[in-house]
Amino acid sequence: MNSGVKAIRTPRDLAINGAPPAFAEPIHVGRPNIGDRAAFLRRVETIVDSHWLTNHGPTVGEFEQAIAAYLGVRHCIAMCNGTIALEIAIRALGLHGEVIVPSWTFVATAHALYWQGITPVFADIDPQTHNLDPDAVRRMITPRTTGIIGVHLWGRSAPIEPLQAIADEHGLKLLFDAAHAFGSTHNGRRIGSFGTCEVLSFHATKAFNSMEGGAVVTDDDELAEATRLMRNFGFKGYDNVIHPGTNGKMIEVCAAMGLANLGSFESVVASNRRNHAAYVEALAGIRDISVMAYDPAESNSHHYIVLEIGDAFPATRDELAAALQAENILVRKYFWPGCHGMQPYRDLFPHARLMLPHTIDIASRVVVLPNGTTLADDAIAAIAAVCRVLAGA
Ligand SMILES: *Cc1c(COP(=O)(O)O)cnc(C)c1O
């Protein structure tokens, strides 16, 4: 890049001088981390040689055992992606009517319900943690409510105990969307065995990936059995369908990528942690912007670099995002405007925003910055330089 603060242009300058962006190639949020390439390719050779590409092959079996052992949970039922894993978990738990979810989450959390004729009801978040506010959850309970889906946003645990207490008090099912939380802990215990079950995503953009993939993880033997059936059309053995089901199976090559990446996960976390610390240092002292911190007492993949723009920062979040994008640094507004503002929920709940003041505020302040093992060394400095220019500092 052209180094130095003066080389950084705002979109306004760009319009004036048409200068090229700081980076010739775009820098993406969620660029996939690829672990031990040789280990992956060796496994792919074995898979191709065996002609066993899918349907409960040995690689998926090994992957499931490795994940269950890593998380300290009895069952890992691997799936083709996290959304199908959510849908199957929701169905296996018998949820119906209304289920309470945050609006400040990836839209798949809500869609997995709606797709099955269940109404997602959006509860507000705690602006400090970005996670569900238990009091807001209480306010959204109706006679039709059957469950709560907590999301461990940014890999930081949802308020697990308060949500469990609400679920117990009202006879609701509680599960967690743990798509952000692979490798995270809550009070030192790995995310994965809280609630009745938890759902993981191993999508390419997550800290830990199997290209596409997901899983239901649980200590509940019956639920595990039900999700295994549903993942495979309800087949129990050959020629014997005993339940409605779908095709949620993970393929062998995805499991191979998962196993290769599991071996490299600690080094991905180490690299993310260094980048996070470098961001905190580079952005320190700029007026009213902050990088979300991770609790040093808990494990977290440090995958999400969440920048929050305060009122005293002279530019809006959208102006900052546009200035960075103009330099080919493709930052993301993530869940903006919140699920309640997306279709079909915008039409379904035209007044949802009245119950979601913190969600709306946070959605207007957050921008997620690039991270991962391949983040260019000078990207963090360039991002900080753009922030300084907009801060007028
Ligand atoms: C990624 C993600 C999902 C969906 O997982 P896929 O594997 O992409 O289907 C669900 N919920 C959250 C919070 C996510 O970030």
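In the predicted model, strands β6 and β9, the latter spanning residues 197-201, run parallel and are joined by 3 bridges. Within this pairing, Asp 177 has Val 199 of β9 as its bridge partner. Both strands belong to an open sheet of 7 strands, in which the order is β2-β10-β9-β6-β5-β3-β4 and the pairing is mixed. The edges of the sheet are occupied by β2 and β4, each of which has a single partner strand, so that one side of each remains without a neighbour in the sheet. On average, and with direction ignored, neighbouring strands of this sheet are turned by 25 degrees against each other.

Helices α4 and α8 pack on this sheet. Helix α4, comprising residues 82-92, touches β2, β5 (145-151), β6, β9 and β10, and its direction makes about 165 degrees with that of β9. Helix α8, formed by residues 221-231, is in contact with β2, β9 and β10, and its direction makes about 15 degrees with that of β2.

The largest nonpolar core contains 43 residues, of which Phe 63, Ile 67 and Phe 182 touch the most other members. At least two residues of this core are supplied by each of the helices α3 (58-71), α6 (134-139), α7 (160-170) and α9 (252-283), and likewise by each of the strands β2 (75-79), β4 (119-123), β6 (173-177) and β10 (214-218). The greatest contribution to this core comes from α9, which gives 6 residues. When residues up to four places away in sequence are not counted, Phe 63 touches Ala 78, Phe 202, Phe 208, Met 250, Ala 255, Gly 258 and Leu 259. Apart from this core lies another, made up of 31 residues that include Leu 324, Val 331, Leu 375 and Ala 391.

Helix α9 also contains Ser 267, a residue that is partly exposed, its relative accessible area of 44% falling between the limits of 20% for buried and 50% for exposed residues. A polar atom of the Ser 267 side chain lies 2.9 Å from the backbone oxygen of Ser 264. With respect to a residue farther along the chain, the C-alpha atom of Ser 267 is separated by 29 Å from that of Cys 387, the two residues being 120 residues apart along the chain.

Note on methods:
Residues are numbered from 1 along each chain as its sequence is written. This is a predicted model: local features need pLDDT of at least 70, side-chain atom pairs count only at pLDDT 80 or more; totals for chains, interfaces and linings use all residues. Side-chain values use heavy atoms; hydrogens and water are left out. A nonpolar core is a set of buried Ala, Val, Leu, Ile, Met, Phe, Trp, Tyr and Cys residues joined through side-chain atoms within 4.5 Å. Buried means under 20% relative accessible area, exposed over 50%, partly exposed in between (1.4 Å probe, protein chains only). Helices (H or I, at least four residues) and strands (E, at least two) are DSSP runs, numbered from the N terminus. Contact means heavy atoms within 4.5 Å. A polar contact is a pair of N or O atoms within 3.5 Å; within protein, one must be able to donate a hydrogen and the other to accept it, and residues adjacent in sequence count only if both atoms are side-chain atoms. Two strands pair if DSSP finds at least two bridges between them. Axes are lines fitted to C-alpha atoms, for helices over the stretch in contact, and angles run from 0 to 180 degrees between N-to-C directions.
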